[in-house]
Amino acid sequence: MFTRKSLLGRFVSAVALTGCLFTGLAVQTWAQNNPGLTIFSGVQRENILRYYFDFGGRAAAWDRLRLRIPSKKMELAVQQFVVRYPDYYTGKFNPDRIEVRVDGESLPIAEVDWDKDNYQLQIYMQEPVPAQEKVEIVLSDVKNPRFGGTFYFECLVWTPGDVPLPRYLGTWILTIS
């Protein structure tokens, strides 16, 4: 009834199909964690900052968000970071679970203020973050909005002893699915 060739052919087909399914799932999961390629955003290419979702960036889910600032953007030391987000972003942040890291080391934060009325997180550092350092702002216990979308988060900084005007460092273009 069944020949050896037909059984071997079915087995090889099943293994190939299973491999394709697992590869497709892995690529889809990896793609949702990273910013990907943005072609038309309205933000100049040199001002787009990278980010990473630790748990996939899915709508209505809890996640950890890593907002990255490259060392070339850190021209001056920074005393305060401000992360501004759009008014239509309905996610939630936990100010007690925010870190600023340099070389993987968490730096001491004086205070974090979540200003819900002005749609921004203000992070005051105990000591200025040195210039020319790669910085990662880690937002743990983030509740993503119920409905996904694209959200432009802006990074503003104040330098120590600076005139009280913010300096724009760039924009994270977050995609939540």
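Both Tyr85 and Phe153 are buried, and they make a good way into this predicted model. The two rings form a tilted aromatic pair, with 6.0 Å from centre to centre and 35° between the planes. From there we can move on to the aromatic cluster, the two sheets, the nonpolar core and two residues with positive phi.

**Aromatic pairs and the cluster**

- The structure holds 11 aromatic pairs.
- Tyr85 lies in the loop between β4 (78-84) and β5 (98-102), while Phe153 belongs to strand β10 (residues 149-158), so their pair ties together parts of the chain that are 68 residues apart in sequence.
- Phe153 also pairs with Phe93: the ring centres are 6.4 Å apart and the planes stand at 75°, so this pair is edge-to-face.
- The Phe93–Phe153 pair links distant parts of the chain as well, with Phe93 in the loop between β4 and β5, Phe153 in strand β10, and the two positions 60 residues apart.
- How buried are these two rings? Phe93 has 7% relative accessibility and therefore counts as buried, since the cut-off is under 20%; Phe153, at 0%, counts as buried too.
- Tyr85, Phe93 and Phe153 belong to one aromatic cluster, whose other members are Tyr88, Tyr89, Trp114, Tyr119 and Phe151.
- A charge joins the picture at Trp114: the charged end of Lys116 sits over the ring of Trp114, 4.5 Å from the ring centre.

**The six-stranded sheet**

- An open sheet of 6 strands runs in the order β1-β11-β10-β4-β8-β7, and its pairing is mixed.
- Which strands are at the edges? They are β1 (48-49) and β7 (109-115), each of which pairs on one side only.
- β4 is antiparallel to β8, with 6 bridges between them. Within this pairing, Gln80 has Tyr124 as its bridge partner, and Val78 has Val129.
- β4 also pairs with β10, again in the antiparallel sense, over 5 bridges. Here Phe81 stands opposite Val157 of β10.
- β4 is mostly covered, with 5 of its 7 residues buried.
- At the β7 edge, 6 bridges join β7 to strand β8 (residues 120-129), and the two run antiparallel. Bridge partners in β8 include Gln122 for Asp113 and Ile123 for Val112.
- β7 and β8 form a hairpin with 4 residues between the two strands.

**The five-stranded sheet**

- A second open sheet has 5 strands in the order β2-β3-β9-β5-β6, with antiparallel pairing.
- Its edge strands are β2 (51-53) and β6 (105-107), each pairing on one side only.
- On average, neighbouring strands of this sheet are turned by 30° against each other, ignoring direction.
- Strand β3 (residues 62-69) and strand β9 (residues 135-143) run antiparallel and are joined by 7 bridges. In this pairing, Val135 of β9 is the bridge partner of Ile69.

**The nonpolar core**

- In soluble globular proteins, nonpolar side chains tend to be buried together.
- The largest nonpolar core holds 34 residues, and the ones touching the most other members are Phe81, Ile137 and Trp172.
- What does Ile137 touch, leaving aside residues up to four places away in sequence? Its contacts are Leu65, Arg66, Leu67, Ile69, Phe81, Val83, Ile98, Glu99, Val100, Ile123 and Trp172.
- Two of those contacts, Phe81 and Trp172, are named with Ile137 as the core members that touch the most others.

**Residues with positive phi**

- Most residues other than glycine have a negative phi.
- Tyr119 has a phi near 55°, a positive value in a residue other than glycine.
- Tyr119 is located in the loop between β7 and β8, in the turn of the hairpin that these strands form.
- Is Tyr119 buried, exposed or partly exposed? At 33% relative accessibility, Tyr119 counts as partly exposed, because the value lies between the 20% limit for buried and the 50% limit for exposed.
- Tyr119 is also a member of the aromatic cluster that includes Trp114 and Phe153.
- Gln132 has a phi near 60°, likewise positive in a residue other than glycine, and is found in the loop between β8 and β9.

Notes:
Residues are numbered from 1 along each chain as its sequence is written. This is a predicted model: local features need pLDDT of at least 70, side-chain atom pairs count only at pLDDT 80 or more; totals for chains, interfaces and linings use all residues. Side-chain values use heavy atoms; hydrogens and water are left out. Rings of Phe, Tyr and Trp (its six-membered ring) pair if their centres lie within 6.5 Å; planes under 30 degrees apart count as stacked, over 60 as edge-to-face and the rest as tilted. Buried means under 20% relative accessible area, exposed over 50%, partly exposed in between (1.4 Å probe, protein chains only). A charge sits over a ring if NZ of Lys or CZ of Arg is within 6 Å of the ring centre and within 35 degrees of the ring normal. Two strands pair if DSSP finds at least two bridges between them. Axes are lines fitted to C-alpha atoms, for helices over the stretch in contact, and angles run from 0 to 180 degrees between N-to-C directions. A nonpolar core is a set of buried Ala, Val, Leu, Ile, Met, Phe, Trp, Tyr and Cys residues joined through side-chain atoms within 4.5 Å. Contact means heavy atoms within 4.5 Å.
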